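Colleague: I am new to this structure and would like a close look at one small part of it. Please take me through that part step by step.

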Amino acid sequence: MSTPASGDEPARVTPDWLALREGADAAARATELLDPLRAYLAEASPERLVIQDLGCGTGSQVRWLAGRLRGPQHWILRDRDPELLAHVDEGVPAAAAGGGAVTVETRQGDLTALRAEDFGGTSLVTASALLDLLTFDEIDDLAAACVDAGCPALLTLSVAGRADLSPADPLDAELAEAFNAHQRRTIGGRRLLGPDAPDAATKAFERRGAVVRSRPSPWRLGADSAALAEEWLRGWVAAACEQRPDLSSQADPYLRRRLQACRAGELDVVLHHTDLLVLPPRAVAA
């Protein structure tokens with residue numbers, strides 16, 4: 001959930017932000033991808049699942065997924081940020097579905113340097129809200145590492161480049177376009193893929209013979225998630241104005257109107273994401 005290490009200073013992600021979004025993330029993830037994943041893992045029949053979670057943040061993926069998979073599990077949670085890793089033990093389930101033990105270790109480091117040998121003995125690679133922070137080459141390297149190691153991958157909550165706000169405002173589309181351009185910006189020589197990441201990842205895995213299943217995983221924010229909607233709005237508008245400073249004079253009153261509507265329970269937001277399940281080439285018939 002946090003950006004990979006690189007030659008520049010990537011944006012920091014705070015534990016408070018991850019805690020605020022965790023409920024919406026859990027509600028959004030595409031549960032229909034779990035049955036084919038369970039079937040693949042059951043056929044593989046490992047004595048213990050070894051799951052590597054990339055860009056783990058504070059561990060929301062293990063908190064959501066461990067109880068939905070059967071059998072003993074050992075999770076290797078990777079992130080570049082030691083502050084986030086320090087929060088990983090909070091709320092991790094002690095047991096999987098069916099009662100198998102769940103153990104966790106953390107590893108700090110550069111996620112973009114991982115190769116097939118780093119996934120040796122791994123049953124599953126996962127990531128949440130990570131792909132859109134990578135470049136084309138970094139996604140291609142990740143696909144090569146997973147396929148060469150024979151690992152399935154569950155890659156959730158990649159931004160899809162679309163936000164639907166209701167009621168609509170004339171400035172919505174222009175801000176969305178500027179935000180998407182910001183997501184695709186170049187930082188320290190790295191051109192981020194932003195909303196192009198799910199398609200790039202699908203093609204990178206499929207070129208190597210893997211089977212990719214894609215499902216929508218939208219956040220649905222209403223009156224019951226006003227605090228998250230407010231924080232998202234502030235970040236969305238700020239990023240759009242950073243990309244297009246000429247929007248600032250219109251964006252300030254826009255943001256005031258939208259925040260007021262949030263607090264009154266009068267704004268609904270659907271923020272679109274994409275989840276991908278990748279099964280190795282031997283699972284083509286699954």
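Which side chain does a polar contact of 2.7 Å join to the side chain of Gln 52?

Modeller: The side chain is that of Arg 78, joined to Gln 52 by a polar contact of 2.7 Å. Bear in mind that this is a predicted model. Gln 52 lies in strand E1, which covers residues 49-54. Its relative accessibility is 2%, and because buried means under 20%, Gln 52 counts as buried. The side chain of Gln 52 also has a polar contact with the side chain of Thr 122, at 3.0 Å. Arg 78 and Thr 122 both appear among the residues in contact with Gln 52 once neighbours within four places in sequence are left aside. The others are Ile 76, Asp 118, Phe 119, Leu 124, Val 125 and Thr 126. As for Leu 134, 82 residues apart from Gln 52 along the chain, the C-alpha atoms of the two are separated by 18 Å.

Asp 53 is also placed in strand E1. Asp 53 is buried but has no salt bridge. Its nearest side chain of opposite charge belongs to Arg 29, 7.3 Å away, whereas a salt bridge needs the atoms within 4 Å. What the side chain of Asp 53 does make is a polar contact with the side chain of Thr 126, at 2.7 Å. Not counting residues up to four places away in sequence, Asp 53 touches Thr 126 and Ala 127, along with Gln 61, Trp 75, Ile 76, Leu 77 and Arg 78. Ile 76, Arg 78 and Thr 126 are thus in contact with Gln 52 and with Asp 53.

Terms used
Residues numbered from 1 in each chain as written. Predicted model: local features only at pLDDT ≥ 70, side-chain atom pairs only at ≥ 80, totals over all residues. Heavy atoms only, no water. Helix = DSSP H or I, 4+ residues; strand = E, 2+ residues; numbered from the N terminus. Buried < 20%, exposed > 50% of the residue type's maximum accessible area, 1.4 Å probe, protein only. Contact = heavy atoms within 4.5 Å. Polar contact = N/O pair within 3.5 Å; in protein donor to acceptor, adjacent residues only side chain to side chain. Lys, Arg positive; Asp, Glu negative; His and termini not counted.
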